[in-house]
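Grab a pencil and work through a few exercises with the sequence and the 3D view side by side. Try each task before you read its solution.

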Amino acid sequence: MDIFKILEKLENDASAFGFAWPDSGMILNQISSEVLEVKSAIELEESKDRIQSEIGDLLHATLSLCVFLKMNQEETLKKSVEKFEKRFSKVQELAKENGYTTLQGQ
């Protein structure tokens, strides 16, 4: 079973049990809180495992928003990757047009 389906099942099971997000605003607040926890862990130079755990919490909260809004998590992530790929390709193209092989000007 893929990770997206596992998370969706867990979210749905939690909701059916009564452990549910009441609205998207609360999930967004949780995401904001998780961002601060990641930032703090990095600034405090905590262990890689601790930082990874906090990033995992952030990813989970973000993917929970997809589940809550009934959006396909994998499709959402795929669209994000495609969007970045297009932007990055354009940056590379502009750099090349201006004689740069990297953004460091070489």
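The expected span of a helix is 1.5 Å times one less than its number of residues. Helices here are DSSP runs (H or I, at least four residues), and strands (E, at least two) are DSSP runs too, both numbered from the N terminus. This is a predicted model, so local features need pLDDT of at least 70, side-chain atom pairs count only at pLDDT 80 or more, and totals for chains, interfaces and linings use all residues. Residues are numbered from 1 along each chain as its sequence is written, and side-chain values use heavy atoms, with hydrogens and water left out.

**Exercise 1. Work out what span helix 2 should have, and compare that with its end C-alpha atoms.**

Step 1: Helix 2 covers 24-43, and its 20 residues, at 1.5 Å a residue, should span 28 Å.
Step 2: The end C-alpha atoms of helix 2 are 29 Å apart, which agrees.
Step 3: Try helix 1 (residues 3-16) in the same way. Its 14 residues should span 20 Å, and its end C-alpha atoms are 20 Å apart, so that agrees as well.

**Exercise 2. Find which residues of helix 2 are buried, and which exposed ones sit on the face turned away.**

Step 1: You need the cut-offs: buried means under 20% relative accessible area, exposed over 50%, and partly exposed in between (1.4 Å probe, protein chains only).
Step 2: Ile27, Ile31, Glu34, Val38 and Ala41 are the buried ones in helix 2.
Step 3: Look down the axis of helix 2: these buried residues fall within an arc of 85°, so they line one face. The arc is that of the directions from the helix axis to the C-beta atoms.
Step 4: On the face turned away from that buried side, helix 2 carries the exposed Asn29, Leu36 and Glu43.
Step 5: Helix 3 is included in what covers the buried residues of helix 2.

**Exercise 3. Do the same for helix 1: which residues are buried, and what do they pack against?**

Step 1: Phe4, Leu7 and Glu11 are buried in helix 1.
Step 2: Seen down the axis of helix 1, the buried residues fall within an arc of 65°, so they line one face.
Step 3: Lys5, Leu10 and Ala16 are exposed on the face of helix 1 turned away from the buried side.
Step 4: The buried residues of helix 1 pack against helix 3 (48-68) and helix 4.

**Exercise 4. Describe how helix 1 crosses helix 3 and helix 4.**

Step 1: Two packed helices are described by the angle between their axes and the distance between the axes. Axes are lines fitted to C-alpha atoms, for helices over the stretch in contact, and angles run from 0 to 180 degrees between N-to-C directions. Angles under 35 degrees count as roughly parallel, over 145 as roughly antiparallel, 65 to 115 as roughly perpendicular and the rest as oblique.
Step 2: The axes of helix 1 and helix 3 come within 10 Å and cross at roughly 70°, so the two are roughly perpendicular to each other.
Step 3: Contact means heavy atoms within 4.5 Å. Here Phe4, Leu7, Glu8, Glu11 and Asn12 of helix 1 meet His60, Leu63, Ser64 and Val67 of helix 3.
Step 4: For helix 4 (residues 73-97), the axes come within 9 Å of each other and cross at roughly 130°. That makes helix 1 oblique to helix 4.
Step 5: Phe4, Leu7 and Glu8 in helix 1 meet Gln73, Glu74 and Leu77 in helix 4.

**Exercise 5. Decide whether Gln73 is buried or exposed, and list what it touches.**

Step 1: Find Gln73 in helix 4. At 2% relative accessible area, Gln73 is buried.
Step 2: Not counting residues up to four places away in sequence, Gln73 touches Phe4, Leu7, Glu8, Leu63, Cys66 and Val67.

**Exercise 6. Look up the phi of Glu45 and of Lys70.**

Step 1: Most residues other than glycine have a negative phi.
Step 2: Glu45 is not a glycine, yet has a positive phi of about 50°. Glu45 lies in the loop between helix 2 and helix 3 and is exposed, at 71% relative accessibility.
Step 3: Lys70 also has a positive phi, about 60°, without being a glycine. Lys70 is in the loop between helix 3 and helix 4, and is exposed at 75%.
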